[in-house]
Amino acid sequence: MFRSKAFSLLKPIPWVPGQPNLAYTFIHPATASHGHRCHRRSVDYRQRYRTCSGSAGGRIISAPQTKVMAEEELPGVLILDIGGTHGVLEDLAALLKKHFRLITMKEFLENKKEMSTKIQSVFVFECRPTIDQELLESLPNLKVIGNSGVGVDHLDLKMISNFGVKVTNTPHAVADPTADIGVALMLASARRLVEGCQIAVSPDTKYFAVDWLGVEVTRATLGIIGMGSIGYKVAQRARAFDMRILYHNRNRRRKEEEEAVGARYCEKMADLLQQSDFVMVVVNLTPETRKLIGKKELGLMKPTATLINISRGAVIDQDALVEALQNKVIRAAAVDVTYPEPLPRDHPLLKLNNIIITPHIGTATVQAMRMMAEEAIANILAVLNGQPIPSEVFPK
Ligand SMILES: O=C(O)[C@H](O)CO
């Protein structure tokens with residue numbers, strides 16, 4: 001719902017001035033794509049793509065222009081959106097229609113026989129809908145699934161690759177808005193913003209009470225678990241608060257990258273947990289990271305520390321989190337992701353006052369929705385045209 005509303009606001013917002021139809025690919029040395037094993041080719045795209053300089057931390061490259069063709073001639077793209085059968089949102093449809101013949105899930109299901117051979121790509125809008133074996137079996141000409149978003153934990157990569165189908169994602173479009181929401185949650189929890197808003201509008205107004213003082217982020221220690229492109233952008237923002245930055249990652253960052261944000265590597269996650277005032281989780285969800293933060297890890301954190309999660313809900317053992325928050329093992333939590341989403345209305349996390357929960361809005365901005373679509377389109381076109389694929393995701 002939230003996203004649909006956000007997307008319907010797209011029209012009045014100007015896109016990159018003077019370059020209305022570009023699909024963006026950022027080639028940036030700091031890009032680690034949220035932990036997914038993504039293949040980045042260092043080829044020179046300039047022969048096929050028009051380049052221009054960008055402001056989002058990398059080189060911006062436009063997608064190849066699709067020849068003007070009759071709708072019937074365009075390659076078919078099946079749109080998967082929330083719930084699978086919704087009509088695709090108007091603005092997204094307009095972007096896609098420049099390159100593809102759009103087939104919604106509803107149309108596909110109503111006319112499977114005719115549609116199935118026309119579909120060469122699937123555009124996954126949002127990270128929710130999954131693609132099962134039955135769907136793959138019914139699409140003999142499918143070449144690529146273009147995920148709009150970086151997380152692909154909802155897709156069975158092995159099964160899809162067994163069908164000879166490629167999967168792509170959009171790590172560049174999501175990095176800034178997701179980092180923003182991480183910092184927003186950190187600040188909101190530190191300064192008890194949600195409680196403050198409630199107090200301001202409540203009938204028994206209790207302005208400035210010492211019993212709900214917040215804590216400051218300035219000069220506090222931030223521990224980032226998962227220093228991919230989103231984690232790195234969180235670190236860049238945290239520098240503005242003079243924060244001491246620690247990070248834990250599968251692979252250590254280059255020295256210049258660490259120095260640029262003043263981040264110190266913790267080989268052991270336990271060290272980071274013990275020292276941080278704010279712990280931000282930014283890893284992607286894989287079998288290895290499921291329940292990465294459990295009772296033991298929460299127990300290592302300072303009682304004054306705050307846990308922030310902008311990756312996936314299942315990275316945290318939610319039962320352990322409930323217990324830790326109830327028993328004040330940690331000060332507070334602020335999460336943009338839970339499992340399931342949304343939480344059942346009687347879930348114990350919803351009864352606590354030391355947690356802030358937002359409904360997975362890391363990329364719910366007008367700009368991110370459009371950029372994710374553009375990035376996904378560029379990926380899909382690259383596969384269909386047999387060109388180097390900007391962001392392909394491989395099964396492990
Ligand atoms: O995976 C992502 O990019 C975000 O979670 C999208 O919602």
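These legends accompany close-up views of a predicted model.

**View 1. Strand β13 and its side chains.** Let's start with strand β13, which covers residues 278-281. Its side chains alternate: F278 and M280 point one way, while V279 and V281 point the other way. Whichever side you look at, these residues are all buried.

**View 2. The neighbours of β13.** Here you can follow β13 together with two partner strands, β10 and β14. Strand β10 (residues 221-225) runs parallel to β13, and four bridges join the two. Look for I225, which stands opposite V281 of β13. Strand β14 (residues 306-309) is also parallel to β13 and is joined to β13 by four bridges. In this pairing, V279 of β13 has L307 of β14 opposite.

**View 3. From β13 to β14 by way of a helix.** Now trace the chain through helix α12, made up of residues 295-300. Together, β13, α12 and β14 form a β-α-β unit, and the unit is right-handed.

**View 4. Helix α13 and what covers it.** Helix α13 spans residues 318-326. Its buried residues are Q318, A320, L321, V322, A324 and L325. Among the elements that cover these buried residues are α12 and β14, which you met in the previous view. Strands β15 (332-335) and β16 (355-357) are also part of that cover.

**View 5. The two ends of α13.** At the N-terminal end, D317 acts as the cap of α13. One of the side-chain oxygens of D317 lies 3.1 Å from the backbone nitrogen of D319. Moving on to the residues just after α13, you will find K328, which takes a positive phi of about 55 degrees.

Notes. Residues are numbered from 1 along each chain as its sequence is written. This is a predicted model: local features need pLDDT of at least 70, side-chain atom pairs count only at pLDDT 80 or more; totals for chains, interfaces and linings use all residues. Side-chain values use heavy atoms; hydrogens and water are left out. Buried means under 20% relative accessible area, exposed over 50%, partly exposed in between (1.4 Å probe, protein chains only). Two strands pair if DSSP finds at least two bridges between them. A crossover is right-handed if, with the strands pointing away from the viewer, the path from the first strand over the helix to the second runs clockwise. Contact means heavy atoms within 4.5 Å. A polar contact is a pair of N or O atoms within 3.5 Å; within protein, one must be able to donate a hydrogen and the other to accept it, and residues adjacent in sequence count only if both atoms are side-chain atoms.
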